[in-house]
Amino acid sequence: MLTSFGQRAFVLRLQDLPSPRWKQSATRHGCQILVDQSRTLKMWTCPSGRLQKRQCRLTLSSFPSKFAQFSSIPRRGKFLQLEENVKKPAYMARQVNQCDGISIATDLIDFLNASPTAFHAVDEAKRRLRNVGFEQVSEKEDWKLEAGKRYFFTRNHSTIVAFAIGNRYVAGNGFHVIGAHSDSPCLKLKPVSKVTKAGYLEVGVQLYGGGLWHTWFDRDLTVAGRVIVREDKNGTISYSHKLVRIEEPIIRIPTIAIHLDRTVNSEGFKINTQSHLLPVLATLVKAELNKVAVESGRAESRENNNEQISTEDSGKGNLKHHLVLLQIIASKIGCKPDDICDFELQACDTQPSAIGGALKEFIFSGRLDNLCMSFCSLQALIDATSTESELEDESGVRVVALFDHEEVGSESAQGAGSPVMLDALSRITSSFSSDSNLLQRAIQSSFLVSADMAHAIHPNYSDKHEEYHQPKLHGGLVIKHNANQRYATNAVTSFIFREIASKHNLPVQDFVVRNDMGCGSTIGRILASGLGIRTVDVGAPQLSMHSIREMCAVDDVKYAYEHFKAFFQEVGHLHAKILIDDI
């Protein structure tokens, strides 16, 4: 039987689990059984929730009696909490919060694997927001907002803005914003992607952003994105967009053999992005055989139904794209190839994201820049607004905005250079007052964190970093500085962000680019100059930025999440104490 354990918490060792089946599940999902001071049994599971779908029960008689001490109870993520069942002497599962580095990293892995494109990233963000009670609003309709409630909207399904309104909010109060971006460098299919050369079917692609394109060679690739589909319902034609992701590898960009490029190791791997960066889809011979089989099947089907056979059955779209590609896409989304009107597709790596390294300290994945910051800010907003008490004393509005097209300059209808952020702040303010002057007052009481991944010092290229500004993995968020305003950080915003870290015992680092090197930029300066809002540029350190496969540290994901959550909870009070332009 369970007895009181005072103020301590305990965890079961793997060998203490009551059956081999439990041990197998624990090994596969990284689970622990916790017992807290209230004698509540808790079981931690991976965020995918696969273990939660089982009928997991521990009876009092089967529960072991030996415990190993556990120093603290984590604060966020997902637990299975086992509570006494009134009808039976058993314990049933429900979710509660927890926090440790592996759990938040595992949740990030799930987010990354669900987000091969910006469209999918926004779709996954929507799913997570809805699951915790955020309400979707449309920019096409009037907004009827209430204090203490949580909302989100999307633009182009590739940009998303989520916000939680404090219970004490009144029009004119400030906004506490974290901005990140949903896009990453990639290869996007051209409007006419049909290329046939040397007996191969290839896919024409165009460069999106500044990727390390040599890393895309010899990878097992696929395609994902959105498709515009024609639908005929009861004689009424309509058009909808559907997300598509082909799971299996269907394209590849092969390198040329060293026997045909003898200087590649001495002079470097040099590519012409127009001629050499073409993924192979199929061979012409196999494609023709497949086409004959498909057309024979169509002819037989139409003959059986006494339908006329058309010589133009392949559809107009096949003039632009290979039929085999359209067939794969149509099969995935459940339509006919002829119903595909257009699409926005990109090449994607099929290798899933993973936690790696000898000590399981790294995350290996594509698109860490910038889905890592997108996830951390989104999860921080969710957890910083998950209970009524979180917003009870909040007088401002907590906001997360994930923008598309940062990698190509942000100048689009849904980029950070568009009116999307100003529109959001304006509509929130006007929902509570018709006084148009209150928005300007609110912006001067607001604070923006521009969150974009940072360059960690590379052990093999340490001379590329300024001597006294060398961000390290496991070192916490990096505050980015640039005197020429490539970053929007100044002394005031840097101090505020650093002060929050200090209060919560979180590490923080600084980055300045070498004087003899060019400096990158982010959405920070775009939003700061467009809105006139105080801004700090930050990011988690990473290696292999803009490669098809990047890496960062598990610890830094945890630090970023905790820092962003603390930002939402603390910045309103701290910002009010900063006296700069006050009379």
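Visitor: What volume does the largest pocket have?

Guide: The largest pocket of this predicted model has a volume of about 1,000 Å³. Its lining is made of 37 residues, and those that lie nearest the centre are Ala454, His455, Gly520, Met545 and His546.

Visitor: Which elements each supply at least two residues of that lining, and how does the lining of the largest pocket divide by class?

Guide: Strand E21 (454-455), helix H12 (523-531) and strand E25 (541-543) each supply at least two residues of the lining of the largest pocket. By class, that lining has 14 nonpolar, 13 polar and 10 charged residues.

Visitor: How much space lies in the second largest pocket, and which residues lie nearest its centre?

Guide: The second largest pocket holds about 650 Å³ of space, and of the 35 residues that line this pocket, Gln444, Ser445, Gly572, His575 and Ala576 lie nearest its centre. Two or more lining residues come from each of helix H8 (388-392), helix H10 (438-444), strand E24 (534-539) and helix H13 (554-575). H13 gives the most to the lining of the second largest pocket, with 7 residues, and the lining divides into 10 nonpolar, 17 polar and 8 charged residues.

Visitor: Turning to a single helix, how should I read H3: what is its span, and is H3 mostly covered or uncovered?

Guide: One can set the span of a helix beside its expected value, and then look at the burial of its residues. Helix H3 (residues 118-131) has 14 residues and reaches 20 Å from its first C-alpha to its last, which is close to the 20 Å expected at 1.5 Å a residue. H3 is mostly covered, with 10 of its 14 residues buried; among them are Phe119, His120, Val122, Glu124, Lys126, Arg128 and Leu129, so that charged side chains such as Glu124, Lys126 and Arg128 belong to the buried set, where buried means under 20% relative accessible area.

Visitor: What caps the N-terminal end of H3, and which residue follows the helix?

Guide: At the N-terminal end, Thr117 acts as the cap, with a side-chain oxygen 3.3 Å from the backbone nitrogen of Phe119. After H3 comes Gly133, whose phi is positive, near 100°.

Visitor: How many disulfides are counted, and where do Cys341 and Cys348 stand in relation to other cysteines?

Guide: A disulfide is a covalent bond between the sulfur atoms of two cysteines. In this model the count comes to 0 disulfides. Cys341 is in no disulfide, and the nearest cysteine sulfur, that of Cys335, is 9.0 Å away. The closest cysteine sulfur to that of Cys348 belongs to Cys186, and because the separation is 7.2 Å, it is too far for a bond. As for their surroundings, Cys341 is partly exposed, with a relative accessible area of 34%, whereas Cys348 counts as buried at 5% relative accessibility.

Visitor: Which residues have a positive phi although they are not glycines, and where is there a cis peptide bond?

Guide: Most residues other than glycine have a negative phi, and most peptide bonds are trans. His157 has a positive phi of about 60° although it is not a glycine; His157 is found in the loop between E8 and strand E9 (159-165), and it counts as buried at 11% relative accessibility. Arg367 likewise has a positive phi, of about 65°, and its place is the loop between strand E18 (362-365) and H7, where Arg367 counts as buried at 18% relative accessibility. The cis peptide bond joins Asp369 and Asn370, with omega about 15°, and Asn370 is in helix H7 (residues 368-383).

Visitor: How far apart in space are Ala147 and Gly396, and how far apart are Val420 and Ala401?

Guide: Such pairs are read by setting separation in sequence beside separation in space. Ala147 and Gly396 are 249 residues apart in sequence and 9.7 Å apart in space, C-alpha to C-alpha. Ala147 lies in the loop between strand E7 (135-136) and strand E8 (150-155), and counts as partly exposed at 31% relative accessibility. Val420 and Ala401 are 19 residues apart along the chain, and their C-alpha atoms are separated by 9.3 Å. Val420 is found in helix H9 (residues 420-430), and it counts as buried at 0% relative accessibility.

Conventions. Residues numbered from 1 in each chain as written. Predicted model: local features only at pLDDT ≥ 70, side-chain atom pairs only at ≥ 80, totals over all residues. Heavy atoms only, no water. 1 Å grid on protein atoms, 1.4 Å probe; cavity = no way out; pocket = protein on both sides within 12 Å on 5 of 7 lines; lining within 4 Å. Points joined across faces, edges and corners; volume = space filled by probe spheres on them. Helix = DSSP H or I, 4+ residues; strand = E, 2+ residues; numbered from the N terminus. Expected span 1.5 Å × (residues − 1). Buried < 20%, exposed > 50% of the residue type's maximum accessible area, 1.4 Å probe, protein only. Polar contact = N/O pair within 3.5 Å; in protein donor to acceptor, adjacent residues only side chain to side chain. Disulfide = S-S within 2.5 Å.
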